[in-house]
Amino acid sequence: MLKIGVFGVGHLGKFHLNNWKEISGIELVGFYDPSDEIANEVIQKYQLTRYTDPAELMDAVDAVDIVAPTTHHFHLCEKAIKKGKHVFVEKPLANTMEEARQLVKLTNESGVKFQVGHVERFNPAFQAVKHLDLQPHFIEVHRLAQFNPRGTEVSVILDLMIHDIDIILSVVKSDVRTISASGVGVLTETPDIANVRIEFNNGCVANLTSSRISMKKMRKIRLFQKDAYIGIDFLEKKAEIIKLKEEGDTNVFAFDIETNSGTKTIAVANPPVPEVNAIKEELTAFRDSILNNTRTVVSEHDGLMAMDVAHQILEKIGKNVISHG
Ligand SMILES: NC(=O)c1ccc[n+]([C@@H]2O[C@H](COP(=O)([O-])OP(=O)(O)OC[C@H]3O[C@@H](n4cnc5c(N)ncnc54)[C@H](O)[C@@H]3O)[C@@H](O)[C@H]2O)c1
């Protein structure tokens, strides 16, 4: 049995507890959370042991799951790595670039498994298309959420847009050439809405809009490439592929378009989306990478790369931010 300790059992931490309980080969040893109110709630609901010393819980487990606020990621991760414990940490990897670089260095030196909670990689809608030959020329991203004070200790870039940055970096395997960005702080001191254009060395352009002050929710990525349009709806868990119809295409809706070079048949397909719980999938993948000694699906390096782009965006926005009042 792989022994796990959970650090931080607030909103997301409880989802983690629910999922760990359903994953085989796991022994949930206990949790650490400084809030008595939250801890008592968890003891009652989960009959789980509360540790009041984080080091003691770390000593009792093989791996830690850190779901504490981002400002606490670094010191908890550092302590766990130094004790030789495998680490799963929520996104973003750390609060500053210096902290993130230090965690990558410590992980490489220690050889522990390290996974960052970029959970959208495990979203079933992305799972449905990620095996395709994805070579987008341009990408449109919209991630809109209603306002919620949770998470607003950081900007919308580190809170929401970082999910899309990680997905895009996993799809466009090219270095970032330039970034332009603009943001507006409406309800908080940091940007609550932002628009960003990322140009990659291979010519791909990604245009991202994130808002946490929207009236409605949306989480969509649209990839446009030479032979296809691929739409991924992370919220509704749906995917759509539109392309020129080829021989052998089945289960597609097809229609004709007249062009100057003749009739073209367009095929619209909705690939099957697996009915999976993304959090359970990511935690199971972390378990497997420890048990099978394989690379984690979202490594510390991936976490650093996403943060690097996010911080470049924040630097650009620093020059372009429009603050309310
Ligand atoms: N992957 C995602 O989609 C996603 C979604 C939401 C939040 N998150 C991330 O998860 C983390 C937690 O977010 P949340 O929404 O659950 O916040 P939350 O405020 O609901 O919960 C955080 C919990 O951590 C506890 N805590 C504070 N200091 C601690 C410490 N030093 N050690 C252990 N626990 C400590 C708090 O008492 C609280 O119970 C953040 O890093 C956030 O960015 C990720």
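Begin by selecting helix H4 and colouring its buried positions, which are His 73, Phe 74, Leu 76, Cys 77, Ala 80 and Ile 81. This is a predicted model, and the tour that follows should be read with that in mind.

With those side chains still highlighted, add the elements around them: the buried residues of H4 pack against strand E1 (2-7), helix H3 (54-59), strand E3 (63-66), strand E4 (86-90) and H5. At the end of the helix, move on to Gly 84, which follows H4 and has a positive phi, near 75 degrees.

Next, show H4 (residues 73-82) together with H5 (residues 97-110), and draw the two axes, which come within 10 Å and cross at roughly 10 degrees. Because angles under 35 degrees count as roughly parallel, H4 and H5 are described as roughly parallel to each other. The crossing of this pair is left-handed. To see the contact itself, select Phe 74, Cys 77, Glu 78 and Ile 81 on the H4 side, and Glu 99, Leu 103, Leu 106, Thr 107 and Ser 110 on the H5 side, since these are the residues that meet. Sorted by class, the contact of H4 with H5 has five nonpolar, two polar and two charged residues.

Two of the H4 residues deserve a separate look. For Cys 77, set aside the neighbours within four places in sequence, and the residues in contact with Cys 77 are Ile 66, Val 87, Val 89 and Leu 103. For Glu 78, which also lies in helix H4, the corresponding selection, not counting residues up to four places away in sequence, is Leu 103 and Leu 106. Is Glu 78 buried or exposed, or does Glu 78 fall in between? Glu 78 has 16 other C-beta atoms within 10 Å and is therefore partly exposed, because a residue is buried only if 20 or more such atoms lie within that distance and exposed if 12 or fewer do. To relate Glu 78 to another part of the chain, measure across to Ser 214, 136 residues apart along the chain, where the C-alpha atoms are separated by 36 Å.

Now widen the selection to the largest nonpolar core, which has 76 residues; among these, Ile 66, Cys 77, Val 87, Ile 157, Met 161 and Ala 310 touch the most other members. Helix H7 (residues 156-171) is the element to highlight here, as this helix gives the most to the core, with 11 residues.

For a second helix pair, select H1 (residues 11-22) and H8 (residues 278-291), whose axes come within 9 Å and cross at roughly 60 degrees. That angle makes H1 oblique to H8, and H1 passes H8 in a right-handed crossing. On H1, pick Phe 15, His 16, Asn 19, Trp 20 and Glu 22, which meet Ile 279, Lys 280 and Leu 283 in H8. By class, the contact of H1 with H8 has four nonpolar, two polar and two charged residues.

The last stop is Lys 238, found in strand E12 (residues 238-244). With 16 C-beta neighbours inside 10 Å, Lys 238 counts as partly exposed. Leaving aside the neighbours within four places in sequence, display Ala 125, Asp 233, Asn 270 and Val 273, with which Lys 238 is in contact. Finally, draw a distance from Lys 238 to Lys 220, 18 residues apart along the chain, and the C-alpha atoms are separated by 9.7 Å.

How values were computed:
Residues numbered from 1 in each chain as written. Predicted model: local features only at pLDDT ≥ 70, side-chain atom pairs only at ≥ 80, totals over all residues. Core = buried A, V, L, I, M, F, W, Y, C linked by C-beta atoms within 7 Å. Helix = DSSP H or I, 4+ residues; strand = E, 2+ residues; numbered from the N terminus. Contact = placed C-beta atoms within 7 Å. Axes fitted to C-alpha atoms, helices over the stretch in contact; angles between N-to-C directions. Parallel < 35°, antiparallel > 145°, perpendicular 65-115°, else oblique. Left-handed = near helix turned anticlockwise from the far one by under 90°. Nonpolar A, V, L, I, M, F, W, Y, C, P; charged D, E, K, R; others polar.
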